[in-house]
Amino acid sequence: MDFVWRSLVSLIFVGMASEIIIYPLFFFNVESSLALYECPICHLSCTDYPVLQDHVELHLDECSILQGRNLNDLELAQHLQNEEDRQRRTETGRQEKDDFQKLQRQYGLDGSGGYKQQSLKAMAKEVDFGRMQPSDYHRRKADMLESLALGVDDGKTKTSGIMETLCQYYQNECKDIKHVWLSAGVDHFHCSLGDKGWGCGYRNFQILFSSLLRNNSYKDCLKVPCIPKIQTQIEDAWKEGFDPQGASHFSSKLQGTKAWIGACEIYSLLTFLRLKCQIIDFHQPTGSSGTHPRLFEWVLNYYSSGKDSNGKVMSTSKPPIYLQHQGQ
């Protein structure tokens, strides 16, 4: 008769999550008087216990390899996930940096130089292409440096007689128009090689400023400043505490840049110069299809108030409006 009991000898296998104790089964065959040892894993019977022990250890080694492989797979998956996350963060950071640099270039804050540097580069390119003689280059360079040293615009982009021409045009043409209101006389200043692509805000200020020169109270003490001088004056206004939020946007620096400016910077400058002005903000359309009827009503009231509309064309003494739109 066969009987079975558990051996006192134990084999210990340490797994990932728990400790497993394996007891080999011991059989005694009465008929053959042979002691048999059965593998607790694959149930193979052996007559020699050391042989069985080696056999079981092979099973355990195989389990260790498989579990180690599973552990390595988990570590590999985690590593790949971490690497993917790192690459995603790197790509996001690079894209944000590229977008920021594009905005800096677009708005003239990329450190590529300002009016003077752009003028010299543009004139040198004109010489290279044969569109300007070297002698003209040196003459225009000297004129530009003199203008910058004085802080006064050289007037080479100025066009006078704008209001007079408009008055004559509306008197003789446009028969279907009932009334026209014109601002006080102004000079028009267009862009030059030095501010092409970014100088409109400064040129509009020069146009506005030229109107003040026709006023007897200002004509003897004011000159139309050049663009670098305007930048210096705006920085001076910031130093005096005007528009701290706007100053922080430009890091309190305009000189030597191609930075775009708008109504807030012009307001700070005019107020700094003790010239009375105000900002009227039409921050959203007031009509259909994105139109601004309230803006036009305000402009009409500004020029037509205080004066009867007796004729078709009314030339007022009011200075022009610095009109800035949200755009690129």
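This report walks through the helix packing, salt bridges and a couple of individual residues in a predicted model.

**Overall picture**

The protein has 328 residues, and 29% of them count as buried. Its secondary structure comes to nine helices and 10 strands. If you look at contacts with a separation of 6 or more, 56% of them come from residues 24 or more positions apart.

**How the helices pack**

Start with α2 (residues 115-128) and α3: their axes come within 10 Å and cross at roughly 170 degrees. That angle is over 145 degrees, so α2 counts as roughly antiparallel to α3. On the α2 side, the residues involved are Y115, K116, S119, L120, M123, A124 and V127, and they meet P134, Y137, R140, K141, M144, L145 and L148 of α3. Sorted by class, this contact of α2 with α3 has 10 nonpolar residues, one polar and three charged.

The other pair to look at is α6 (residues 227-239) with α8 (residues 263-272), where the axes are 9 Å apart and the packing angle is about 75 degrees. Here the two helices, α6 and α8, are roughly perpendicular, because the angle falls in the range of 65 to 115 degrees. From α6, the contact draws on I230, Q233, I234, D236, A237 and W238, while α8 brings in E265, S268, L269 and F272. The class breakdown for α6 with α8 is six nonpolar, two polar and two charged residues.

**Salt bridges**

How many salt bridges does the count come to? The total is 10. Three of the pairs are set out here with their N to O distances.

| Pair | N to O distance |
|---|---|
| D85 and R88 | 2.9 Å |
| D143 and R139 | 4.0 Å |
| R214 and D187 | 3.0 Å |

Take D85 and R88 to begin with. They sit three residues apart in helix α1 (residues 49-106), so about one helical turn separates them. D85 is partly exposed, at 21% relative accessible area, and R88 is also partly exposed, at 43%. For D85, the cut-off for buried is under 20%, which explains why a value of 21% puts D85 in the partly exposed class.

D143 and R139 tell a similar story in helix α3: being four residues apart, they are separated by about one helical turn. D143 has a relative accessible area of 27%, which makes it partly exposed, and R139 is partly exposed too, at 44%. This pair also belongs to something wider, since D136, R139, D143 and K156 are linked in a network of salt bridges.

Then there's R214 with D187, whose side chains meet in a salt bridge at 3.0 Å. R214 lies in the loop between α5 (200-212) and α6, and D187 in the loop between β8 (180-182) and β9 (188-189), so the pair ties together parts that are 27 residues apart in sequence. What about burial at each end, buried or partly exposed? R214 is partly exposed, with a relative accessible area of 41%, whereas D187 counts as buried, at 11%.

**D153, an aspartate in a loop**

Where does D153 sit? D153 is in the loop between α3 (134-150) and β7 (158-159). Despite that loop position, D153 is buried, with a relative accessible area of 14%. The D153 side chain makes a polar contact of 3.2 Å with the side chain of Q206. Q206 also turns up in the wider contact list for D153, which, leaving aside neighbours within four places in sequence, takes in S147, F189, R203, Q206, V224, P225 and C226.

**S45, a serine in a strand**

S45 belongs to strand β6 (residues 45-46). S45 counts as partly exposed, with 42% relative accessibility. Which residues does S45 touch, once neighbours within four places in sequence are left aside? The contacts of S45 are Y37 and E38.

Methods
Residues are numbered from 1 along each chain as its sequence is written. This is a predicted model: local features need pLDDT of at least 70, side-chain atom pairs count only at pLDDT 80 or more; totals for chains, interfaces and linings use all residues. Side-chain values use heavy atoms; hydrogens and water are left out. Buried means under 20% relative accessible area, exposed over 50%, partly exposed in between (1.4 Å probe, protein chains only). A polar contact is a pair of N or O atoms within 3.5 Å; within protein, one must be able to donate a hydrogen and the other to accept it, and residues adjacent in sequence count only if both atoms are side-chain atoms. Contact means heavy atoms within 4.5 Å. Axes are lines fitted to C-alpha atoms, for helices over the stretch in contact, and angles run from 0 to 180 degrees between N-to-C directions. Angles under 35 degrees count as roughly parallel, over 145 as roughly antiparallel, 65 to 115 as roughly perpendicular and the rest as oblique. Ala, Val, Leu, Ile, Met, Phe, Trp, Tyr, Cys and Pro count as nonpolar, Asp, Glu, Lys and Arg as charged, and the others, Gly among them, as polar.
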